[in-house]
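User: I would like a close look at a single part of this protein and its surroundings. Please explain each term as you go.

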Amino acid sequence: MFSLREVKYKHILDIEELNIEKSKVTCIIGESGSGKSTLLRLLNKLISCDSGKIMYNGQDLNSCDSVELRRTVVMLAQLPAIFPGTVRDNLLIGLKFAEKPAANDDKLLHVLNMVHLNKCLDDESDLLSGGEKQRLALGRVILLDPEVFLLDEPSSALDEETERFIIENLVAYTKKTSKTLIMVTHSKKVAQTYSDNTIELSQGKVKRAREV
């Protein structure tokens, strides 16, 4: 699905060769500052590499329309944006931005259950805790139904039990729907338990890329 060759970005990344498979769960691990988040941002053109080539489904990423790409390859940042209004408003706003049909309340409640967020749709989003906001943003991304999920530390603000519940649901969903999940995680346990492939970065270089 993604193929990187001789990719360099500032002093942060220097990747000679890397392939990321379609319909697989790929975890990106490594120490702080190793370039994990930067790699995710390159994959949906939030930033562009200084040199080298990134291919997506056989097409040079530089020739892909950025807006269309980000509707197919959706990224969730570690500190996601939460908008003023209710839980419902925040779930639906992604669909609105993507010019997709709104979802009914049953579907919204199903997604809240997937991300283990026990809130009413009319609850105000600014009253949520950090971990609850993270889960709300994840629900918003799931509703977009992209081909590729790029998730940057999606469980960093969660306790271990909640993390396990959400990651299990997310992995099951992506496998059932043949989606591609690329996830930066601080947890080697998460990578070992749930990933099909693991990429380890060190000082901007691929230290290891292996099948689990």
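Analyst: The following account describes helix 3, its partners and the core around it.

The model is predicted, and residues are numbered from 1 along each chain as its sequence is written. Local features need pLDDT of at least 70, side-chain atom pairs count only at pLDDT 80 or more, totals for chains, interfaces and linings use all residues, and side-chain values use heavy atoms, with hydrogens and water left out.

Helix 3 covers residues 87-97; helices (H or I, at least four residues) are DSSP runs, numbered from the N terminus. At its N-terminal end, Thr86 acts as a cap, with a side-chain oxygen 3.4 Å from the backbone nitrogen of Arg88. Just after the helix, Glu99 has a positive phi of about 60°.

Within helix 3, the residues Val87, Asn90, Leu91, Ile93, Gly94 and Leu95 are buried, where buried means under 20% relative accessible area, with a 1.4 Å probe and protein chains only. An α-helix has 3.6 residues a turn, so residues three or four places apart point the same way. The buried residues of helix 3 pack against helix 4 and helix 5.

The partner helix 4 spans residues 105-114, and its axis comes within 11 Å of that of helix 3, crossing at roughly 95°. Axes are lines fitted to C-alpha atoms, for helices over the stretch in contact, and angles run from 0 to 180 degrees between N-to-C directions. Helix 3 is therefore roughly perpendicular to helix 4, a term for angles of 65 to 115 degrees. Where the two meet, Val87, Arg88, Leu91 and Leu92 of helix 3 touch Asp105, Leu108 and Leu112 of helix 4; contact means heavy atoms within 4.5 Å. These residues comprise 5 nonpolar, no polar and 2 charged, with Val and Leu counted as nonpolar and Asp and Arg as charged.

Leu91 also has contacts beyond helix 4. Apart from neighbours within four places in sequence, Leu91 contacts Leu108, Leu112, Leu121, Leu136, Gly139, Arg140 and Leu143. In the largest nonpolar core, which has 38 residues, Leu91 is among those touching the most other members, together with Leu138, Ile142, Leu151 and Leu181. A nonpolar core is a set of buried Ala, Val, Leu, Ile, Met, Phe, Trp, Tyr and Cys residues joined through side-chain atoms within 4.5 Å. Helix 5 (residues 130-144) contributes the most to this core, with 7 residues. A second, separate core has 29 residues, including Ile47, Ile54, Val148 and Val184.

How values were computed. Buried means under 20% relative accessible area, exposed over 50%, partly exposed in between (1.4 Å probe, protein chains only). Angles under 35 degrees count as roughly parallel, over 145 as roughly antiparallel, 65 to 115 as roughly perpendicular and the rest as oblique. A polar contact is a pair of N or O atoms within 3.5 Å; within protein, one must be able to donate a hydrogen and the other to accept it, and residues adjacent in sequence count only if both atoms are side-chain atoms.
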